[in-house]
Amino acid sequence: MTDRITFKVNGTDGAARTGVISTPRGDIRTPAFMPVGTAATVKAMMPESVRETGADILLGNTYHLMLRPSAERIDRLGGLHRFMNWDRPILTDSGGFQVMSLAGLRKMSEHGVTFKSHIDGSKHELTPERSMEIQRLLGSDIVMCFDECPALPADRARIAESMRLSMRWASRSRDAFGDRPGHALFGIQQGGLEQDLRQESAQALTDIGFDGYAVGGLAVGEGQEAMFACLDYAPDMLPKDKPRYLMGVGKPDDIVGAVKRGIDMMDCVLPSRSGRTGQVFTRTGVVNIKNARHQDDPRPLDEHCRCPACRNYSRAYLHHVFRAQEMISGMLLTWHNLTYFQDIMDGMRNAIATGTFDVWETEFHTTRAQGDIEPL
Ligand SMILES: [Zn+2]
């Protein structure tokens, strides 16, 4: 245990790295996948079950929690860890990304963003200072800077202007965060797909100084090829001795490609959201459980998987409960998807530590290619 948040790289293989982020609430093994607990719950999962899948850290959403039940209320009730019964590390986003996506409902200025709640239309403001305050009230272990992220494609002038605003907000976030031992503040690199703007952003953030750095502004519609092209240079611009976090990524092959390019942390709603819509990720590809071909199938989803959905139930049963809209369907499929994502991370951590990432990656792709990826 430690009273500070530290990061240690224990092994590298090419650009890929494995290590540990130590926090007062426990270690985070990297590369790490963070399940998303939007409204103080990873939907359909008990926190102890999330832990059983292998997750060391969860992500919480500032935007959703500030509107309902409010950061002040969570603070009065002992903070987010106690409120949702998760005593391990929590990373919170800044609210920026979600507020920006409220197209017609927000107004932006140098100071920050005013917006109307999607729940009841009430008026709110988010600024770098308010975002830091909310994340402090929540008790977040890893706090993200308040930033702006334009959707891609966007023209270069717009991306440059937005990135420079985000850098001014990063500086204000740093000042407002202050000195909080045991808690970390991450800066967020912007600059779209423009290499020189990414460099300018990385330099600005490094000059301010953060405990970790996110590669922001990706997975916003640019496609995997463009994202990987950017990840070929963007992580390398950030300090080597700090964790690098790719926000909002992604599908299993996105995650593998990102780790290969030097990313240490990721988050995505995909495994939990897909679990509720019957889309299942397995070693051999994507299974759509609502497909009629599963209705008489006594086999598990994935015979090599350690999760309860695979150990105790047939595809026929999972198909049945999905069709019957039984709650256990979302529970089992989410449990499976989260387990599969964590197993990918575990496989990569071991492969990087033993210098066999290439072999592991080839097998990952070959196994998937042998399976039948079903249409959605
Ligand atoms: Zn499973």
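The following exercises with worked solutions concern a predicted model.

**Exercise 1.** Determine which protein atoms bind the zinc ion and what arrangement the donors form.

*Solution.* Step 1: the protein donors are Cys-305 (SG), Cys-307 (SG), Cys-310 (SG) and His-336 (ND1), at 2.0 to 2.3 Å from the zinc ion. Step 2: along the chain, these donors are spaced as C-x1-C-x2-C-x25-H. Cys-307 sits in the loop between β16 (285–288) and α12 (308–312), whereas His-336 belongs to helix α14 (residues 327–353), 29 residues apart. Step 3: the angles subtended by the 4 donor atoms run from 99 to 115°, and the arrangement is therefore tetrahedral. Step 4: Cys-307 and His-336 are both buried.

**Exercise 2.** Establish whether Asp-267 is buried or exposed, and what its side chain reaches.

*Solution.* Step 1: Asp-267 is part of strand β14 (residues 265–268). Step 2: Asp-267 is buried and has no salt bridge. A salt bridge requires a nitrogen–oxygen distance within 4 Å, and the nearest side chain of opposite charge, that of Arg-273, is 10.0 Å away. Step 3: the side chain of Asp-267 instead reaches the backbone nitrogen of Gly-248 at 2.9 Å. Step 4: beyond its neighbours within four places in sequence, Asp-267 contacts residues including Phe-33, Leu-59 and Tyr-245.

**Exercise 3.** Identify which helices are linked by the salt bridge between Arg-172 and Glu-129.

*Solution.* Step 1: the structure contains 20 salt bridges; one joins the side chains of Arg-172 and Glu-129 (2.8 Å, N to O). Step 2: Arg-172 lies in helix α7 (residues 156–177) and Glu-129 in helix α6 (residues 128–138), 43 residues apart. Step 3: Glu-129 is partly exposed, at 32% relative accessibility.

Methods:
Residues numbered from 1 in each chain as written. Predicted model: local features only at pLDDT ≥ 70, side-chain atom pairs only at ≥ 80, totals over all residues. Heavy atoms only, no water. Donors = N, O, S within 2.8 Å, 3.2 Å for Na, K, Ca; no water. Tetrahedral: all angles 85-135°; square planar, octahedral: opposite > 155°, others 65-115°. Helix = DSSP H or I, 4+ residues; strand = E, 2+ residues; numbered from the N terminus. Buried < 20%, exposed > 50% of the residue type's maximum accessible area, 1.4 Å probe, protein only. Lys, Arg positive; Asp, Glu negative; His and termini not counted. Polar contact = N/O pair within 3.5 Å; in protein donor to acceptor, adjacent residues only side chain to side chain. Contact = heavy atoms within 4.5 Å.
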